[in-house]
Amino acid sequence: MACHQRSISMPSRPHSKVEGELNILEACTSSPSMTIETTSDSLRRLADIYNSIEEVMCLPSNQAWSSQQRKMLDGEMERSLELLDLCNAVHEDFAELKAIVQDLQASLRKGDDAAVQAKIQSYFRLVKKAKKHFKKAAKKVTSDKEDCRVVKLLSEAREVTTSLLESTLQLLAKQIAMPKLSIVSKAFQKKNSVVCKEEQLQVLECNIRDLEDGAGLLFRRLVQSRVTLLNILSL
């Protein structure tokens, strides 16, 4: 399934536009053809969507909130903090994975089989640890009430964010685990084979760097979204 990246404009019905963008991104996230490259694009795309949600929150028509809606926004404030913690943790994991891949390249160049195996184990341990972040993550959409569509947008965006980050870690695990695409094998003796692995590791390092950058951008947008929520609730 092709996941086309499009810029977001603010039409006469901004809620519907953002909902449509979230649906497209959700479909991309669940697509079996998803790759690390498309995931990096999706992280940046999601950051743009949060920017558009912030614009929706600041529309004059969304400045009058009932007591029930404010209560729902309060709940979203708490969940937004949890999402920030999750995004920050995954961002740090990306940085650690990148460092491990860099060390793995150095070990391969030295022909140090023991160090290579140790780094592979470190890679898998970190991915496994990172997956545990999602056990407590709130992915369910918490509101589908039309009278509080801002909360519905934030809830849907949180679900997509959590799923996207989780899918990214699953993809990273497969970069070394998949037999046909395996970066590391037992044939360390052949120079050409080692060069090939180094090239694949270089690509993986670049991909993880892109993921790290995308997660960093998303984190900053999440912070800004939370600030906007705080400002709304302080009115």
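## Lysine 174 in helix α5

In this predicted model, K174 is located in helix α5. The residue counts as partly exposed because its relative accessibility is 43%, a value that lies between the 20% limit for buried residues and the 50% limit for exposed ones. F124 is 50 residues away from K174 along the chain, and the C-alpha atoms of the two residues are separated by 9.9 Å.

## Overall architecture

The secondary structure of the protein consists of six helices and zero strands. Along the sequence the elements therefore follow the pattern α-α-α-α-α-α. The protein has 235 residues, of which 45% count as buried. Among contacts between residues at least 6 apart in sequence, 81% join residues at least 24 apart.

Helix α3 comprises 44 residues. From its first C-alpha to its last it reaches 65 Å, close to the 64 Å expected at 1.5 Å a residue. Just after α3 comes G111, which takes a positive phi of about 70°.

## The nonpolar core

The largest nonpolar core contains 58 residues, and Y123 and L172 have the most contacts inside it. Six helices each supply at least two residues of this core: α1 (14–29), α2 (36–57), α3, α4 (113–131), α5 and α6. Helix α3 provides the largest share, 14 residues. In soluble globular proteins, nonpolar side chains tend to be buried together.

Which residues are in contact with L172, leaving aside its neighbours within four places in sequence? They are I36, F94, L97, Y123, L204, I208 and L211. Y123 thus appears in this list and is also named with L172 for the most contacts inside the core.

## Buried positions in helix α2

Two positions in helix α2 illustrate contacts with residues far away in sequence, L43 and M57. L43 is found in helix α2 and is buried, because its relative accessible area of 0% falls under the 20% limit. Not counting residues up to four places away in sequence, L43 touches L164, L165, L211, G214, A215 and L218. One of these, A215, is 172 residues from L43 in sequence, yet the two are 6.4 Å apart in space, C-alpha to C-alpha. L211 is a contact of L43 and also a contact of L172.

M57 likewise has its place in helix α2, and its relative accessibility of 0% is why it counts as buried. With residues up to four places away in sequence not counted, M57 touches N62, Q63, V150, L154, S225, T228, L229 and I232. The C-alpha atoms of M57 and L229 are separated by 8.1 Å, although these residues are 172 apart along the chain.

## A buried alanine in helix α4

Is A130 buried or exposed? A130, which lies in helix α4, is buried, because its relative accessible area is 0%. Residues up to four places away in sequence aside, A130 touches D93 and L169. E166 is 36 residues from A130 along the chain, with 8.8 Å between their C-alpha atoms.

## Internal cavities

How many cavities of 30 Å³ or more does a search of the whole structure find? The search finds two. The largest cavity holds about 100 Å³ of space. Its lining is formed by Y50, E76, S80, L83, L84, L154, R158, L222, S225, R226 and L229. Helices α3 (67–110), α5 (149–177) and α6 (191–234) each supply at least two of these lining residues.

By residue class, the lining of the largest cavity divides into six nonpolar, two polar and three charged residues. The charged residues are E76, R158 and R226, and the polar ones are S80 and S225. Some lining residues, including L154, S225 and L229, are also touched by M57. M57 itself is buried, at 0% relative accessibility.

Terms used
Residues are numbered from 1 along each chain as its sequence is written. This is a predicted model: local features need pLDDT of at least 70, side-chain atom pairs count only at pLDDT 80 or more; totals for chains, interfaces and linings use all residues. Side-chain values use heavy atoms; hydrogens and water are left out. On a 1 Å grid over the protein atoms alone, a cavity is a set of points where a 1.4 Å probe fits but cannot get out, and a pocket is an open set with protein on both sides within 12 Å along at least five of seven lines; lining residues have an atom within 4 Å of a point. Grid points are joined across faces, edges and corners, and a volume is the space filled by probe spheres set on the points. Helices (H or I, at least four residues) and strands (E, at least two) are DSSP runs, numbered from the N terminus. A nonpolar core is a set of buried Ala, Val, Leu, Ile, Met, Phe, Trp, Tyr and Cys residues joined through side-chain atoms within 4.5 Å. Buried means under 20% relative accessible area, exposed over 50%, partly exposed in between (1.4 Å probe, protein chains only). Contact means heavy atoms within 4.5 Å. The expected span of a helix is 1.5 Å times one less than its number of residues.
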